[in-house]
Amino acid sequence: MANSTLKSVALLDQMKLHLATDAGKDLVKKIGLVYQINIAPKKMGIDEESFVVDLKKGEVTKGPCEGKPDAAFSFQDDDFLKVATGKMNPQIAFMRGKMKVKGSLSAAQKFTPDIFPKPSKM
């Protein structure tokens, strides 16, 4: 996903590849929800870029969701990476205001670090 200065894009690109694997296909069967993730470079709500992690079709795309996502999240770039890589608990991120959630709370609770591929070891 070119033309982005966000660090999170590398992880979302990995997610795209991950969804094509058997493990990724299992996630789609298990979760079957559509998430929109809004990521801001520095301050939440400013210059956000939107991505859709579609765990119904098994796709990751740039841009806002065409229909209504099951849940939408807003993050600052670094905080998204911390939550997605398991360095910050999503509930704690939410309570500290590091993550905003719109939509179904039960759908949001299925959005955990487990859905993301583990960063490859260097």
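**Salt bridges and a surface patch**

User: Ile92 is found in helix α4 (residues 90-95); what is the relative accessible area of Ile92?

Analyst: This is a predicted model, in which local features need pLDDT of at least 70 and side-chain atom pairs count only at pLDDT 80 or more, while totals for chains, interfaces and linings use all residues. Residues are numbered from 1 along each chain as its sequence is written, and side-chain values use heavy atoms, with hydrogens and water left out. Helices (H or I, at least four residues) and strands (E, at least two) are DSSP runs numbered from the N terminus, and buried means under 20% relative accessible area, exposed over 50%, and partly exposed in between, with a 1.4 Å probe and protein chains only. Ile92 counts as partly exposed, and its relative accessible area is 34%.

User: How much accessible area do Ile92, Phe94 and Met95 have together?

Analyst: Patches take residues with over 30% relative accessible area and no salt bridge, joining like charges within 9 Å and nonpolar side chains (Val, Leu, Ile, Met, Phe, Trp, Tyr) within 5 Å; accessible areas come from the Shrake-Rupley method with a 1.4 Å probe, and for residues only the protein chains shown count as cover. Ile92, Phe94 and Met95 form a nonpolar patch on the surface, and their accessible area together is about 320 Å².

User: Which residue forms a salt bridge with Lys62?

Analyst: A salt bridge is a side-chain nitrogen of Lys or Arg within 4 Å of a carboxyl oxygen of Asp or Glu, and the structure holds four of them. In the bridge of Lys62 and Glu49 the closest N and O atoms are 3.1 Å apart, and the pair links distant parts of the chain, from strand β3 (residues 59-62) to strand β2 (residues 49-54), 13 residues apart. Lys62 is partly exposed at 39%, whereas its partner is buried at 16% relative accessible area, and that partner is Glu49.

User: How far apart are the closest N and O atoms of Asp26 and Lys29?

Analyst: Both residues lie in helix α2 (residues 22-31), three residues apart, about one turn of the helix. Asp26 is partly exposed at 43% relative accessible area, while Lys29 counts as exposed at 70%. The two form a salt bridge, with the closest N and O atoms at 3.9 Å.

User: Is Asp79, which meets Lys82 in a salt bridge, buried or exposed?

Analyst: The side chains of Asp79 and Lys82 meet at 3.9 Å, N to O, and the residues are three apart in helix α3 (residues 77-84), about one helical turn. Lys82 is partly exposed at 36%. Asp79, with a relative accessible area of 7%, is buried.
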